[in-house]
Amino acid sequence: MNFSLSDDQRSIQDTFKNFCKKELAPRATMLDQASEDEVKVLIKENIKKLASIGYLGMGHEERYGGTSVDLIAQMVAGEEVAKACASTFLSAGASSGLFGVPLKLFGSEEQKEKFLPGIISGDLIGSFGLTEPEAGSDAAAIKTTAVKNGGTWVINGSKTFITNATIADVCLIMAYNDKEAGPGSGVTAFLVEKDAPGFIVGKSFDKLGFRGSPTAEIFLEDCTVPESAVLGEVGRGFIQAMQTLEYGRIGMATVSLGIAVACMEQANAYSKERKTFGKPINRYQEISFQLADMMIMTDISRMLILKAAWAKQIQDPESAVLASCAKLFASEAATKIASMALQVHGGYGYIKEFPVERLYRDAKLGEIGEGTSEIQRVLIAKSILSRFK
Ligand SMILES: Cc1cc2nc3c(=O)[nH]c(=O)nc-3n(C[C@H](O)[C@H](O)[C@H](O)COP(=O)(O)OP(=O)(O)OC[C@H]3O[C@@H](n4cnc5c(N)ncnc54)[C@H](O)[C@@H]3O)c2cc1C
């Protein structure tokens, strides 16, 4: 067993650490506090910045502009992106990951040629439309339908909480083409472009955190797309979405880790500067033990993430449950660490001038997005129970 990163992985880590510190971190507060219209501009700029150092092409095929780096290197780079600006991680990940990964895995040559070069260069932005107003955790309960009409499909329904909806050029929409096929079967994924007739994007939600990553509803009103918009096979959309979410969960764990590490660094620095009763607060055991707990939790999170990434990379049968474990632990650790980091800052942690205020708001999403903590526990419990039949 070897816990060291390879030379390539280490070099990717160094490159991203330097780049994100210089290019993303100084803009994170501005992005968080920007108006809805400003966010649309700023986040696209950040996505382009990430494209310029090859982040959006990691793991994608070279002929579309990608680079063949393993999933571990992608998570190592992702931690640096998330640490600098969690909103940028989320929007970039929704485009090159939640949209780009199923396209890579299930798309036709023609579809990949049409969208992947743009997604990788940051000229196109993608989004992933599974969740609906009455179907989040219970994704098979989606109500959106797709009906074949000659050479086209007509989609009706709505999607909610869609990351990038207001800036995306194309959205992967999951819809039932056969309601009778049983839960989860009979769903098809469609590549729906923003100018498709009947494709309507709502206003951005006013959110607690991740305010620099736009989230909105999508309405499909007799939305008409050509047959060539079907991703892979008709009826395979639910399975495609679940496979995509396995990657997404490792990604969500990574954004939580980035937030947690940023909190730990902020708390550590502040505790050295702030003096009470004549000495720096880090001399008090109450403070230094909190820093110790932060270190343990971030380290465990990172190990779980890298193990899940490695398992996915080698197609280990345990990879899905390991992704759930990493996502569950890292997200809950991040909310605890953010709370501790804010506490270390005292009253100053409660005001917007200090990044820990934003990090505290951002941290909570990790326990909700890409399957809530409760759903991860359900999945992990199912896996462990199946071993003792
Ligand atoms: C900022 C943001 C960005 C998002 N981006 C996207 C995106 O790009 N694309 C997309 O498709 N979706 C996206 N989502 C949606 C997200 O995946 C869902 O919000 C999430 O899966 C939870 O679904 P829900 O909100 O409907 O909650 P519900 O499913 O209604 O759950 C409510 C509560 O009940 C609990 N619960 C539900 N079922 C069970 C059960 N069986 N056992 C125990 N507890 C249960 C949940 O854990 C939760 O605590 C995003 C959400 C947010 C907030």
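Where is K364 found? K364 sits in the loop between helix 10 and helix 11. The structure described in this report is a predicted model.

## The loop between helix 10 and helix 11

K364 counts as partly exposed, because its relative accessibility is 38%, and partly exposed residues fall between the limits of 20% and 50%. Apart from its neighbours within four places in sequence, K364 is in contact with L208 and T335. Along the chain, K364 and S331 are 33 residues apart, while their C-alpha atoms are separated by 7.6 Å.

E367 lies in the loop between helix 10 (355–363) and helix 11 as well. Is E367 buried or exposed? Its relative accessible area is 15%, and a residue is termed buried when that value is under 20%; E367 is therefore buried. The side chain of E367 forms a polar contact with the side chain of T335, at 2.6 Å. When neighbours within four places in sequence are set aside, the residues in contact with E367 are K327, S331, E332, T335, T372 and S373. T335 thus appears among the contacts of E367 and also among those of K364.

## Helix 10 and its cover

Helix 10 precedes this loop and is mostly covered, with 7 of its 9 residues buried. Which residues of helix 10 are buried? They are V356, E357, R358, L359, R361, D362 and A363.

Several helices contribute to the cover over these buried residues. Among them are helix 2 (28–33), helix 5 (86–106), helix 7 (237–273) and helix 9 (319–344).

## Helix 1 and its two sides

Helix 1 comprises 17 residues, from 7 to 23. At 1.5 Å a residue, a helix of this length should span 24 Å, and the C-alpha atoms at its ends are 24 Å apart, so the expected and computed values agree.

The buried residues in helix 1 are Q9, I12, Q13, F16, F19 and C20. Because these residues cover an arc of only 145° around the axis, they are on the same side of helix 1. On the other side of the helix, D7, N18, K21 and K22 are exposed. The cover over the buried residues of helix 1 includes helix 3 (36–52) and helix 4 (71–84).

## The surroundings of the ligand

How many residues surround the ligand? There are 18 of them, and the closest are T131, S137, F161, T372 and E374. T372 is also one of the residues in contact with E367.

Three pairs of atoms give further detail. A polar backbone atom of F128 is 2.8 Å from a nitrogen atom of the ligand, and a polar backbone atom of L130 is 3.0 Å from an oxygen atom of the ligand. In the case of T163, a polar side-chain atom lies 2.8 Å from a nitrogen atom of the ligand. Taken alone, the ligand exposes 980 Å², and the protein buries 64% of that area. Two elements, strand 3 (152–163) and helix 11 (373–386), give two or more residues to the shell around the ligand.

## A residue of helix 6

K114 is located in helix 6, which covers residues 109–121. Setting aside neighbours within four places in sequence, K114 is in contact with L124 and E193. K114 and A28 are 86 residues apart in sequence, and the distance from C-alpha to C-alpha is 32 Å.

Conventions:
Residues numbered from 1 in each chain as written. Predicted model: local features only at pLDDT ≥ 70, side-chain atom pairs only at ≥ 80, totals over all residues. Heavy atoms only, no water. Helix = DSSP H or I, 4+ residues; strand = E, 2+ residues; numbered from the N terminus. Expected span 1.5 Å × (residues − 1). Buried < 20%, exposed > 50% of the residue type's maximum accessible area, 1.4 Å probe, protein only. Arc of directions from axis to C-beta. Contact = heavy atoms within 4.5 Å. Near = heavy atom within 4 Å. Polar contact = N/O pair within 3.5 Å; in protein donor to acceptor, adjacent residues only side chain to side chain. Areas by Shrake-Rupley, 256 points an atom, 1.4 Å probe, with all protein chains shown as cover.
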